[in-house]
Amino acid sequence: MPFKVLVTRRVPQDAIELLKDANYQLDYWEKDDPIPRDELLKRVKEVDAIFCLLTEKIDAELLDAAGPQLKVVATMSVGYDHVNTKELAKRNLHLGFTPGVLTDATATLNVALLLAVSRRIVEAAAEAKNGGWGTWKPMWMTGATLKGSTVGVVGFGRIGLAVMKRLAPFGVAKFLYNDIIQRDDVAKDVGAVFADRDTLFRESDFIIACTLLTDETKGMFNKDAFSKMKKNCIFVNASRGGVVNQDDLYEALKNGEVRGAGLDVTVPEPIPLDHPLLTLKNCVIVPHIGSAEEATRTDMATLTSRNIIAGLKGEKLPAAAQL
C-alpha cells in the first residue's frame, strides 16, 4: 500500500509534483482558506504524513485522530509554535520545518516595513489620493532617517543578521543585538554589538523583533519595554504576533511613547477590522507577507515535501526541528 499524505492547503504545484512522483496517495485540501478543524480531524485518519501550515493546530487530539501509523509532520513555516513538540517526541514522530529558505524574503520585508513607517509611505500615499497633497511644505511628511542611527535587533538568528546586512548601506552608525547567547562570531560580519535588552531599548532609534515565540518571549514587547524606548523609536515586528502586547503598543503609539510601528504579524490573524491599532496613522500593518515572494513560497513548499519524503523513507529530514 502507498503511503498516505494529507496536504492541508493549496500550495505551489512543484511541491505536489514531488509527492506525486514518490507515488504517495494524496488527500489535498486544494483551497486557499484553512481546512476546518472538524474536516481536518476527519481527513487525518490513517495518514502517514501531514503537510501543514501555521493555521493547523497539531496537538494530541489530532495525533490521536491520525493513528499510530503517522510518521512525519512537516510544516511549511519556520516557526512551529502551532505544533505540540512534546506530543511528537512522545510518539517518536519526525517534525520538519523550513528554516533558511525564507530568510532573504523576510529580512527584506522587515526593511520595507521600517522604511514605510520611517518615511511615512502609506500615510503619504493616502494624501496623494485624498487631496491632501498641496503646495510643497518644508516640514510636511518628514520622517526618521537611518543615516547615523542605532538599530537594535532582538533575536539574532539568520533573519536578524540578514536585516542588518540590508540596512548597513543606509549609513547606520551602530547595530545592537540581543539574544539568549552572545554570537560574536556572527556579529562581527556587520560590526554588531551585544547589549542587554534594557540597553538595546534605551539606545536604539529602530528596534526590530526577529525572535521566536516561546514562553519567555511571549508578550515581551509590552508597556514596560515601550516605556524604555526613545520617543523617536520605530518598532518593527515580522516575527510572531505573540511577542507583542498589542494593547500596550497601541497606548505607546497613541501617547507618543514610540514614534511608529510596522507589523507583519498580529494576534489574531487577520487582525479584527475594529482593532484600535488600525486607526493610527503611525502604525503600518500588512497581512503576514514576510515570505510572500513566489520563489520563496515554492522553496518552502518543496522543502516541506522533501521533509516528508525523507521521513517516510526512514532517512534524515533535510530540515528537522529539534523536539
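Student: How far apart are the end C-alpha atoms of helix H12 (residues 294-312)?

Tutor: Heads-up: this is a predicted model, where local features need pLDDT of at least 70, side-chain atom pairs count only at pLDDT 80 or more, and totals for chains, interfaces and linings use all residues. Residues are numbered from 1 along each chain as its sequence is written, and side-chain values use heavy atoms, leaving out hydrogens and water. Helices (DSSP runs of H or I, at least four residues) and strands (E, at least two) are numbered from the N terminus. With an expected span of 1.5 Å times one less than the number of residues, the 19 residues of H12 should cover 27 Å, and that agrees with the end-to-end distance of 27 Å.

Student: Which strands stand at the edges of the seven-strand open sheet?

Tutor: Strands count as paired if DSSP finds at least two bridges between them. The parallel order runs E8-E7-E6-E9-E10-E11-E12. Two strands have a single partner each, so one side of each lacks a neighbour in the sheet: E8 (193-194) and E12 (283-285).

Student: Which residue in E8 does Tyr-177 stand opposite?

Tutor: E7 (residues 174-178) and E8 pair in the parallel sense over two bridges. Opposite Tyr-177, in E8, stands Phe-194.

Student: How many residues are in the largest nonpolar core?

Tutor: Such a core is a set of buried (under 20% relative accessible area, 1.4 Å probe, protein chains only) Ala, Val, Leu, Ile, Met, Phe, Trp, Tyr and Cys residues joined through side-chain atoms within 4.5 Å. Val-11, Phe-51, Val-151, Leu-167, Ile-208 and Ile-308 touch the most other members, and the core's count is 51.

Notes: Buried < 20%, exposed > 50% of the residue type's maximum accessible area, 1.4 Å probe, protein only.
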